[in-house]
Amino acid sequence: MTTHTPTELIKRYQSVQQRIQTACERAERNPQSVQLLAVSKTKPVANVTELAQQGQKAFGENYVQEALEKIAIHPELEWHFIGPIQSNKTKPIAENFAWVHSVDRLKIAQRLSAQRPENLPPLNILLEVNISNEANKAGFSEEEVLNMAEEIAQLPNLKLRGLMAIPMAETDYEKQRQPFAKMQQLLTQLQHNLPNCQLDTLSMGMSGDLQAAIEEGATMVRIGTDIFGARNYA
Ligand SMILES: *Cc1c(COP(=O)(O)O)cnc(C)c1O
């Protein structure tokens, strides 16, 4: 078993923060306008504790059961659900998270709204867009998302905050930029269509493409591997 010494994890974390800073400088953007979501899926809660001690507040998880265990230990942190959502899992998601990035069906949004406890603030949600039009990828098409957003924005216990995408993996920088630029245009269109919503969030950019995402307007980057090291699903 390999574990990172505390210093290694913190070094990786600081190096990701530095890359965000540099990408913002290149894009002439305020570094405060890009939030780092630390994607802790498959990683031990001790890693979360360690980053929380460094001031990291927002953590992303993909698997409900695993996430609930971490949330129970760190209820003070801001938890984001970013994985595929089965409709029989919406209740614990509605009850335990502050944000959901992966809303890809109207039915899921309706269930999250119905199941959000009244004593909690509205659940912040993002609509996932299948921006590279991949056959087996979750998400709304570009055409669908504009219509769906109007309907989803009406749901009482949700707060529609913007869009999320996981584009097809590309290593070429210019190719990475194209789908992110399309996402930025879609968000602008959505802001125009729904002027009364606080549509301020573009969740895009992972370990391999965070610079291109920031160049094209990401406000939240979701970083797992480059902070926590490679995941082991064994
Ligand atoms: C796992 C995951 C990430 C983190 O990806 P890395 O390449 O490890 O940085 C980001 N977003 C989503 C939706 C994920 O499932």
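1. A residue is taken to be near a molecule if one of its heavy atoms lies within 4 Å of it. In this model, which is predicted, the ligand is surrounded in that sense by Val 39, Lys 41, Asn 62, Ile 82, Ile 166, Met 206, Ser 207, Arg 222, Ile 223, Gly 224, Thr 225 and Arg 231. Sorted by class, this shell is made up of five nonpolar, four polar and three charged residues.

2. Within the shell, three side chains deserve a closer reading, since each places a polar atom beside an oxygen atom of the ligand. For Thr 225, the distance from a polar side-chain atom to a ligand oxygen is 2.5 Å. For Lys 41, an N or O atom of the side chain is 2.7 Å from an oxygen atom of the ligand, and for Arg 231 the corresponding distance is 2.8 Å. Taken on its own, the ligand has 390 Å² of accessible area, and the protein covers 89% of this.

3. Turning to the interior, the largest nonpolar core has 59 residues, and the members that touch the most others are Leu 127, Leu 163 and Ile 227. Helix H1, which spans residues 6-26, supplies the largest share of this core, with six residues. Apart from this core there is another, of eight residues, which includes Ala 58, Trp 99, Leu 126 and Met 220.

4. The surroundings of Leu 163 can be given in full: once residues up to four places away in sequence are set aside, Leu 163 touches Leu 126, Leu 127, Val 129, Val 145, Met 183, Leu 186, Leu 187, Leu 190, Thr 201, Leu 202 and Ser 203. The list therefore takes in Leu 126, a member of the core of eight residues, and a reader may ask why such a contact need not merge the two cores, given that core members must be joined through side-chain atoms within 4.5 Å, whereas contact in general refers to heavy atoms within 4.5 Å.

5. Ile 71 sits in helix H3, residues 64-73, and counts as buried because its relative accessible area is 8%, under the limit of 20%. Beyond its neighbours within four places in sequence, Ile 71 is in contact with Trp 79, Asn 96 and Phe 97. Of these partners, Asn 96 is 25 residues away in sequence, yet the two C-alpha atoms are 7.6 Å apart in space.

6. Thr 90 belongs to helix H4, residues 90-96, and is likewise buried, with a relative accessible area of 0%. With neighbours within four places in sequence left aside, its contacts are Ile 85, Ile 108, Arg 111, Leu 112 and Gln 115. One of these partners, Arg 111, is also joined to Thr 90 by a polar contact of 3.1 Å between the two side chains.

7. Two backbone positions may be worth checking by eye, as each has a positive phi without being a glycine. Glu 28, with phi near 55 degrees, lies in the loop between H1 and strand E1 (35-39), and its relative accessibility of 75% makes it exposed. Asn 133, with phi of about 50 degrees, is found in the loop between strand E5 (123-129) and helix H6 (142-152), and is also exposed, at a relative accessible area of 55%.

Technical notes. Residues are numbered from 1 along each chain as its sequence is written. This is a predicted model: local features need pLDDT of at least 70, side-chain atom pairs count only at pLDDT 80 or more; totals for chains, interfaces and linings use all residues. Side-chain values use heavy atoms; hydrogens and water are left out. Buried means under 20% relative accessible area, exposed over 50%, partly exposed in between (1.4 Å probe, protein chains only). Helices (H or I, at least four residues) and strands (E, at least two) are DSSP runs, numbered from the N terminus. A polar contact is a pair of N or O atoms within 3.5 Å; within protein, one must be able to donate a hydrogen and the other to accept it, and residues adjacent in sequence count only if both atoms are side-chain atoms. Accessible areas come from the Shrake-Rupley method with a 1.4 Å probe; for residues, only the protein chains shown count as cover. Ala, Val, Leu, Ile, Met, Phe, Trp, Tyr, Cys and Pro count as nonpolar, Asp, Glu, Lys and Arg as charged, and the others, Gly among them, as polar.
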